[in-house]
Amino acid sequence: SFRQSGEGAATAAYSEQVAIGAVDALVAAWNAAAEVTVKIARTEVRIGHNRRVVDVEGRATHDWHDTEARHTGFFNPNVRILLFDDASTHLPRALFSFYACHPVTLGPGNTKVSADYPGHFARAIETALPGCRAFHITSGAGQINPRHALADDPEKAKPAGDALAKAVLEELPHARLITPTPILSCIEILALPIAPDASASKVQRARESADGKT
């Protein structure tokens, strides 16, 4: 989003600040590396719903709210958990949760920067597990929103985050130790041709590419 044409000085400065912060965090993490053991767990949380509602005639519409849990579209309540314990102290150093629900408990009426419900989740986990860093990853969340969504008040995101944290913390005693395998990676750059109906921003990015087309 920082690459949109016509960005102002404030946006450019913020973009640079984000990049510097990301690099600093990576360096700090690298310098703090330590041997860990890895555990996995799974639980369920039903704070989300499928916003795509299909009527009896097969017509689909979007209904962003489902406070009474009436929507019947597919929704996966599974929460996958990765827990990294310090190999020496056996205390938690990091926790990852994977949950398929867009972080949109807050809507356009909220004009403050916010981590939405994942932010409250991370704070709750780190309060309960001192010295542990918590990370929330939004997994495949197509059409999936919180049942209580698009609020204006930032505090409205707290119940969803707390509910997710409570379920995760209750499941941790049942986490299973695993033997991790080496992580391998490969990077390949793809040049994709611009489509005839591409948006203006995509066309501009193509023009700025090496060949001016992809």
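Helices (H or I, at least four residues) and strands (E, at least two) are DSSP runs, numbered from the N terminus. That is how names such as β4 and α2 are used in the legends below, and the model they describe is a predicted one.

**The whole chain, before zooming in.** The protein chain has 4 helices and 9 strands, and going along the sequence they come in the order α-β-β-β-β-β-β-α-β-β-α-β-α. Along the principal axes, the C-alpha atoms take up a box of roughly 55 × 50 × 35 Å. Of the 214 residues, 28% are buried. If you take the contacts between residues at least 6 apart in sequence, 71% of them join residues at least 24 apart.

**T67, in the loop between β4 and β5.** Here we zoom in on T67, which is partly exposed at 47% relative accessible area. Set aside the neighbours within four places in sequence, and the residues that T67 is in contact with are R147 and H148. Another residue to look for in this view is A149: its C-alpha atom and that of T67 are 8.9 Å apart, although 82 residues separate the two along the chain.

**An edge-to-face pair, F75 with Y99.** The model has 4 aromatic pairs. In this one, the ring centres of F75 and Y99 are 6.5 Å apart and the planes make an angle of 85 degrees. F75 sits in the loop between β4 (60-62) and β5 (78-86), while Y99 belongs to strand β6, so the pair ties together parts of the chain 24 residues apart in sequence. Both partners fall under the 20% cut-off for buried: F75 has a relative accessible area of 14%, and Y99 comes in at 0%.

**A stacked pair, F96 with F98, and the cluster around it.** The ring centres of F96 and F98 are 6.5 Å apart, and with the planes at 20 degrees the pair counts as stacked. F96 is partly exposed, at 23% relative accessibility, and F98 is partly exposed with a value of 23% too. Pull the view back a little to see the rest of the group: F84, F96, F98 and F135 form one aromatic cluster.

**The largest pocket, with a volume of about 370 Å³.** There are 14 lining residues here, and the ones closest to the centre are A29, A32, R93, A94 and F135. Helix α1 (9-31) and strands β6 (92-99) and β7 (133-138) are the elements that each supply two or more residues to the lining. Sorted by class, the lining is made of 11 nonpolar, 1 polar and 2 charged residues. F135 may look familiar, as F135 is also one of the aromatic cluster in the legend above.

**The second largest pocket, with a volume of about 160 Å³.** The residues to pick out are L26, A29, W30 and A33, which line this pocket. By class, the lining comes to 4 nonpolar residues, with no polar and no charged ones. A29 is worth a second look: besides lining this pocket, A29 is among the residues closest to the centre of the largest one.

**Helix α2 and what packs over it.** This helix runs over residues 116-128, 13 residues in total, and spans 19 Å from its first C-alpha to its last, close to the 18 Å expected at 1.5 Å a residue. The buried residues of α2 are D116, Y117, P118, G119, H120, F121, A122 and I125. Among the elements that cover them are strands β6, β7 and β8 (144-146) and helix α3 (158-171).

**Two positive phi angles, at Q143 and L150.** Neither residue is a glycine, yet phi is near 75 degrees at Q143 and about 60 degrees at L150. Q143 is found in the loop between β7 and β8, and L150 lies in the loop between β8 and α3. As for exposure, Q143 is partly exposed at 26% relative accessibility, and L150 is partly exposed with a relative accessible area of 29%.

Terms used: Residues numbered from 1 in each chain as written. Predicted model: local features only at pLDDT ≥ 70, side-chain atom pairs only at ≥ 80, totals over all residues. Heavy atoms only, no water. 1 Å grid on protein atoms, 1.4 Å probe; cavity = no way out; pocket = protein on both sides within 12 Å on 5 of 7 lines; lining within 4 Å. Points joined across faces, edges and corners; volume = space filled by probe spheres on them. Nonpolar A, V, L, I, M, F, W, Y, C, P; charged D, E, K, R; others polar. Expected span 1.5 Å × (residues − 1). Buried < 20%, exposed > 50% of the residue type's maximum accessible area, 1.4 Å probe, protein only. Contact = heavy atoms within 4.5 Å. Phe/Tyr/Trp six-rings, centres within 6.5 Å; stacked < 30°, edge-to-face > 60°.
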